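I set out to read this structure element by element and to keep a record of what I looked up. The entries below follow the order in which I worked.

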Amino acid sequence: MFKSGFVSIVGRANVGKSTLMNNIVGEKIAIMSDKPQTTRNTIQAVYTDEESQVVFLDTPGIHKPKNKLGEVMVKAASDALKNVDVILFVVDDSKSIGPGDRKIIEDLRESKTPIILIINKIDKLDQKEELFDLIEKYNKEGIFKEIVPLSALKGKNIDSLIKAIKVYLEEGPKYFPDDMITDQPERVLISELIREKVLHYISDEVPHGVAVEVERIKGRKDKDLVDISAIIYCERDSHKGIIIGKNGRKLKGIGKSAREDMEFLLGSKVNLQLWVKVKENWRNLQNYINNFGYNEK
């Protein structure tokens, strides 16, 4: 019997949801960084094996929104809990259940969908007793069908998670071809790769105000080469200077690192051109939020 279904991945910001999804499908579908709220949209990834197909929805981290973009992100995460077969609630190695996790637990109590708790980053726990204590604390909440400890970064116990998910899937069709691992358009993947490199290269005060617009993707017929041009938007002139860096070094580093990932993604050489522009307060301007692809569904 072939099983299939849809699975939402929810949790606080920066608990490792995107890392987990990327590890499950074996490709970088969602960008990753140590900055909270890296994921802004619901991203769909597809895991297929001989007996099942699981469509994962990686959601933005649930947080208290401070602007219109934050509201769109939280709504996307909430909407992803509807009409799915399984919910994965991801927490990290925190020794206690914090207020952010507590809020999500209370929201999940009303759900009739099977919920699997994932305790991520177990490699950071010093002793097994700490993990057992954490499992016991969450078990007392009484809403989880399964509790799966794992390390998304190291790929530890991912197989156990897949087995646990399959238990709650019903017989169903293949929704996507075997070789398809995401529904994200190429243009979106490229813009997100650039944004990821910006997050890696710049300081904490800038990342949340950055968006990327890919203006052009064009292959050259006579060469194994793709020309890509994109604009990095930020909210302040001072942020523009930080992104560009002294003598343009930061921007060059961002471009070089992004180009390497793009060449792997596209399977060809890439000529990448980047510009930086300022668009003040864009995170509170609905038309810019929409233009950058962060649309309310």
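The entries go from the whole chain to its strands, its helices and two backbone angles.

**Entry 1. Overall view**

I note at the outset that the model is predicted. I counted the secondary structure and found nine helices and ten strands. I then looked up burial: of the 297 residues in the protein, 51% are buried. For the surface, I recorded an exposed area of about 15000 Å², of which 46% is supplied by carbon and sulfur atoms. I also checked how contacts are spread along the sequence. Among contacts with a separation of 6 or more, 71% are between residues 24 or more positions apart.

**Entry 2. Strand β1 and its partners**

Which strands pair with β1, and in which sense? I found β3 (residues 52-58) paired with β1 in the parallel sense over seven bridges. Within that pairing, G5 stands opposite V54. I found β4 (residues 86-91) also running parallel to β1, joined by five bridges; here S8 has I87 as its bridge partner. The short strand β7 (residues 170-171) runs antiparallel to β1, with two bridges between them, and S4 stands opposite E170.

I next asked how many of the residues of β1 are buried. The count is eight of nine, so β1 is largely enclosed by the rest of the structure. I took V10 as an example from this strand, β1 covering residues 3-11. V10 has a relative accessible area of 1% and is therefore buried. V10 and V90 are 80 residues apart in sequence, yet I read a C-alpha to C-alpha distance of 6.2 Å in space.

**Entry 3. The sheet β8-β9-β10**

I turned to an open sheet of three strands, ordered β8-β9-β10, with mixed pairing. Strands β8 and β10 (269-278) stand at the edges with a single partner strand each, so one side of each has no neighbour in the sheet. Direction ignored, neighbouring strands of this sheet are turned by 15° against each other on average.

I looked at each pairing separately. Strands β8 (residues 211-220) and β9 (residues 225-234) run antiparallel and are joined by nine bridges. A hairpin of four residues connects β8 to β9, and R220 of the first strand stands opposite L225 of the second. Strands β9 and β10 pair in the parallel sense, over ten bridges. I recorded K277 in β10 as the bridge partner of Y233.

Which strands of the sheet does α6 touch? Helix α6 (residues 186-201) packs on the sheet and touches β8, β9 and β10; its direction makes about 125° with that of β8. I then followed helix α8 (residues 249-266), which lies across β9 and β10 and runs at about 135° to β10.

**Entry 4. Two helix pairs**

For a packed pair of helices I recorded the angle between the axes and the distance between them.

At what angle do the axes of α1 and α5 cross? I read roughly 85° for α1 (residues 17-25) and α5 (residues 158-167), with the axes coming within 11 Å. The two helices are therefore roughly perpendicular to each other. In this contact L20, N23 and I24 of α1 meet I158, L161 and I162 of α5. By class I entered five nonpolar residues, one polar and no charged.

For α7 and α8, the axes come within 5 Å and cross at roughly 65°. I listed I242, I243 and I244 on the α7 side, meeting R249, K250, L251 and I254 on the α8 side. By class the contact of α7 with α8 has five nonpolar residues, no polar and two charged.

**Entry 5. Positive phi values**

Most residues other than glycine have a negative phi, and I therefore noted exceptions to this. Where does K121 lie? I located K121 in the loop between β5 (115-119) and α4 (128-139), with phi near 65°. I found N247 in the loop between α7 (237-244) and α8, with phi near 55°. Is N247 buried or exposed? Its relative accessible area is 56%, over the 50% cut-off, and N247 is therefore exposed.

Technical notes: Residues numbered from 1 in each chain as written. Predicted model: local features only at pLDDT ≥ 70, side-chain atom pairs only at ≥ 80, totals over all residues. Heavy atoms only, no water. Axes fitted to C-alpha atoms, helices over the stretch in contact; angles between N-to-C directions. Parallel < 35°, antiparallel > 145°, perpendicular 65-115°, else oblique. Contact = heavy atoms within 4.5 Å. Nonpolar A, V, L, I, M, F, W, Y, C, P; charged D, E, K, R; others polar. Buried < 20%, exposed > 50% of the residue type's maximum accessible area, 1.4 Å probe, protein only. Areas by Shrake-Rupley, 256 points an atom, 1.4 Å probe, with all protein chains shown as cover. Pairing = 2+ DSSP bridges.
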